[in-house]
Amino acid sequence: MGRGALGRRSLALALALTLALLATPAARSEVLEEHEHAPYPVHAGPGQTLRAALNAATPITAGGQRFHGYTHWSVRWNFGWQQDGAGRCRITRVTTRLHTRIQMPELRSGTTEQEAQFQRYHRALHQHEQGHVQFGRQAAQAIDQGIAALPQAPDCPTLERQANDLGQRLLAEQVAAEKAYDRRTGHGATQGAQLD
């Protein structure tokens, strides 16, 4: 009889804990996005190749190379937590911000043939740069959801460290994937962003 009573109490306690966990509200989270476009002017002279005109106009250089498009993205996050009477801490809200800035050429003057070639090239280059934006978006969403889903920690400094470590790790993963994307596509060449 004693064992049966203990069993019922253990079951009742387990059920109460399960209901308490289900009643704990999930952390509120959201990703806010801000996108900026920074075109630079290109003037193609008669008899000049479009490549030469773009190379002369682009402000984008890295490692001694000129590029015609560039996307910079950054992710910032902040979060709130709640501490219980025993000092345990849980995430209550997360806000993650993605900021992107895309530099792309804008043809201001050129022949009809240069304009047609530019439009084809620009479409492909824009598609490639949108791929870069997507890596920023994936980083922001993974960080936002990952921090919101963190389990309760024994104290708030531990929780804060865990959240920021997770954010940095997820950010680094997307940066590495983005570099592989550029290698795989030849900075957009395999997507049609190439000139004769």
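Which residues lie nearest the centre of the largest pocket? In this predicted model, they are Phe67, Gly69, Tyr70, Asp182 and His187, five names worth finding on the structure before we go on. In total, 30 residues line the largest pocket, and about 710 Å³ of space lies in it. Several elements give two or more residues to that lining: the helices H2 (50-57), H3 (112-148) and H4, together with the strands S2 (60-62), S3 (65-67) and S4 (70-83). Sorted by class, the lining has twelve polar, eleven nonpolar and seven charged residues. As general background, empty space of this kind shows up when a probe the size of a water molecule is rolled over the atoms.

With the pocket in view, let us step back to the whole chain. Its secondary structure comes to five strands and four helices. Starting at the N terminus, the elements run α-β-α-β-β-β-β-α-α. Of the 196 residues in the protein chain, 35% are buried.

Now follow the strands. Three of them form an open sheet in the order S1-S5-S4, and the pairing within this sheet is mixed. Strand S1 (28-43) and S4 are the edge strands, each pairing on one side only. On average, neighbouring strands of this sheet are turned by 15° against each other, with direction ignored.

The partnership of S4 and S5 deserves a slower look. These two strands pair in the antiparallel sense, over 14 bridges. Along the way, Arg76 has Arg97 in S5 as its bridge partner, and Gln83 stands opposite Cys89 in S5. The hairpin of S4 and S5 has five residues between the strands, and there Gly87 takes a positive phi near 95°. For anyone tracing side chains here, a general reminder may help: in a regular strand they alternate between the two faces of the sheet.

Cys89 brings us to a covalent link. How many disulfides does a search of the whole structure find? The search finds one, formed by Cys89 and Cys156, with their sulfur atoms 2.0 Å apart. This pair links distant parts of the chain: Cys89 belongs to strand S5 (residues 89-109) and Cys156 to helix H4 (residues 156-185), 67 residues apart. The link is right-handed, with 85° about the S-S bond. Are the two cysteines buried or exposed? Both Cys89 and Cys156 are buried.

Helix H4 also holds Val175. Why does Val175 count as partly exposed? Its relative accessibility is 32%, and the partly exposed class takes in what lies between the buried limit of 20% and the exposed limit of 50%, so Val175 belongs there. The C-alpha atoms of Val175 and Trp73 are separated by 10.0 Å, although the two residues are 102 residues apart along the chain.

A last stop is Arg28, which is found in strand S1. Arg28 is exposed because its relative accessible area is 59%, and exposed means over 50%. Arg28 also has a distant partner in sequence to look for: Ala148 is 120 residues away along the chain, yet the two are 7.2 Å apart in space, C-alpha to C-alpha.

Key. Residues numbered from 1 in each chain as written. Predicted model: local features only at pLDDT ≥ 70, side-chain atom pairs only at ≥ 80, totals over all residues. Heavy atoms only, no water. Disulfide = S-S within 2.5 Å. Buried < 20%, exposed > 50% of the residue type's maximum accessible area, 1.4 Å probe, protein only. 1 Å grid on protein atoms, 1.4 Å probe; cavity = no way out; pocket = protein on both sides within 12 Å on 5 of 7 lines; lining within 4 Å. Points joined across faces, edges and corners; volume = space filled by probe spheres on them. Nonpolar A, V, L, I, M, F, W, Y, C, P; charged D, E, K, R; others polar. Pairing = 2+ DSSP bridges. Axes fitted to C-alpha atoms, helices over the stretch in contact; angles between N-to-C directions.
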